[in-house]
Amino acid sequence: SLNCQTLEEWRVADFKSLQLDKGQAYVLSTELIEDSKDLYFKGILSLFEALKSINLKLFSWATVKIYYSLYYFLRATMAINGVALIRHKSLYYLKALDGETPVTKGYKKYNSDHSGTINYFIDLFGTDILLSQSVDTTNAYDWLMNKREQVNYRERQFNEPNQSGFWDTIADQINKGNLEKLLKEYIQDKYILCFQEEHAVLAIPIKRALLTKEKLDAEKISIGLTRDQREILLELLPIKIPELLNLIDT
């Protein structure tokens with residue numbers, strides 16, 4: 001154990017030399033289950049806020065919220081699977097298993113919280129179905145991160161009352177009153193629409209939400225939302241589709 005009692009002790013600790021024993025692995029695994037619940041709530045809140053914004057035809061900030069929902073779902077999925085992401089100067093991952101040691105990589109793309117999360121996820125969970133195909137030659141998660149960066153940094157201004165081009169098909173359907181129809185198509189999608197550029201921005205995070213909840217249920221992890229949290233989520237959700245409501249079932 002590093003036995004760090006203060007932040008300063010943590011800063012100077014030789015973290016990379018840590019090797020978990022059986023007891024430490026158990027404690028880390030237990031804490032990761034709790035982390036997964038909090039990360040999942042962050043993901044659902046971000047997704048539902050984005051859906052509310054989209055329904056109001058406010059697409060710019062919705063893009064950022066959608067990306068963050070994906071980020072939190074990836075972190076939650078890693079936690080459910082017993083993988084911690086820990087920053088100690090660099091970004092490390094640590095599996096909650098006896099004998100495991102922290103792992104980091106020397107590449108820039110592994111060092112930021114966002115690209116690091118995506119790249120470690122790809123390395124550790126490469127069989128994930130949302131990594132089975134590309135969106136315009138880019139993996140789905142990097143593609144969505146790039147769209148967030150486009151809206152947040154590369155475009156000179158938010159485009160309201162219009163939207164960035166990758167929203168055009170979805171915006172057209174919303175203008176025709178078809179948001180519910182569109183959401184049902186994404187929920188029932190056999191992993192085709194989520195790899196098409198005109199649908200990916202919304203189809204990817206919806207599929208990632210469903211996959212994360214499926215994993216929580218399989219591991220019998222109750223997300224334990226409070227009544228107030230449930231009420232907030234229900235108020236945000238513009239379309240009460242059973243599969244979306246199931247995302248907040250405990």
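**Figure 1. Glutamate 185 and its partner in helix H7.** Glutamate 185 counts as partly exposed in this predicted model, with 30% relative accessibility (buried means under 20% relative accessible area, exposed over 50% and partly exposed in between, with a 1.4 Å probe and protein chains only). Its side chain meets that of lysine 181 in a salt bridge, at 2.8 Å from N to O (a side-chain nitrogen of Lys or Arg within 4 Å of a carboxyl oxygen of Asp or Glu). Both residues belong to helix H7 (residues 179-188), where four residues, about one turn of the helix, separate them; helices (H or I, at least four residues) and strands (E, at least two) are DSSP runs numbered from the N terminus. Lysine 181 is likewise partly exposed, at 48% relative accessibility.

Residues are numbered from 1 along each chain as its sequence is written. Because the model is predicted, local features need pLDDT of at least 70 and side-chain atom pairs count only at pLDDT 80 or more, while totals for chains, interfaces and linings use all residues, and side-chain values use heavy atoms, with hydrogens and water left out.

**Figure 2. Lysine 213 and aspartate 217 in helix H8.** The side chains of lysine 213 and aspartate 217 form a salt bridge with an N to O distance of 3.0 Å. Helix H8 (residues 200-218) holds both of them, four residues apart, which is about one turn of the helix. Lysine 213 is buried, with a relative accessible area of 4%, whereas aspartate 217 is partly exposed at 38% relative accessibility.

**Figure 3. Lysine 105 and aspartate 123, a loop paired with a helix.** A salt bridge of 2.8 Å, N to O, joins the side chains of lysine 105 and aspartate 123. Lysine 105 sits in the loop between strand S2 (90-95) and helix H4 (113-124) and aspartate 123 in helix H4, so the pair ties together parts that are 18 residues apart in sequence. Both ends of the pair are partly exposed, lysine 105 at 31% relative accessibility and aspartate 123 at 37%.

**Figure 4. The setting of the close-up views.** Across the whole structure, a search finds nine salt bridges, and the secondary structure comes to 10 helices and four strands. Of the 250 residues in the protein, 48% are buried. The C-alpha atoms fill a box of roughly 60 × 40 × 35 Å, taken along the principal axes.
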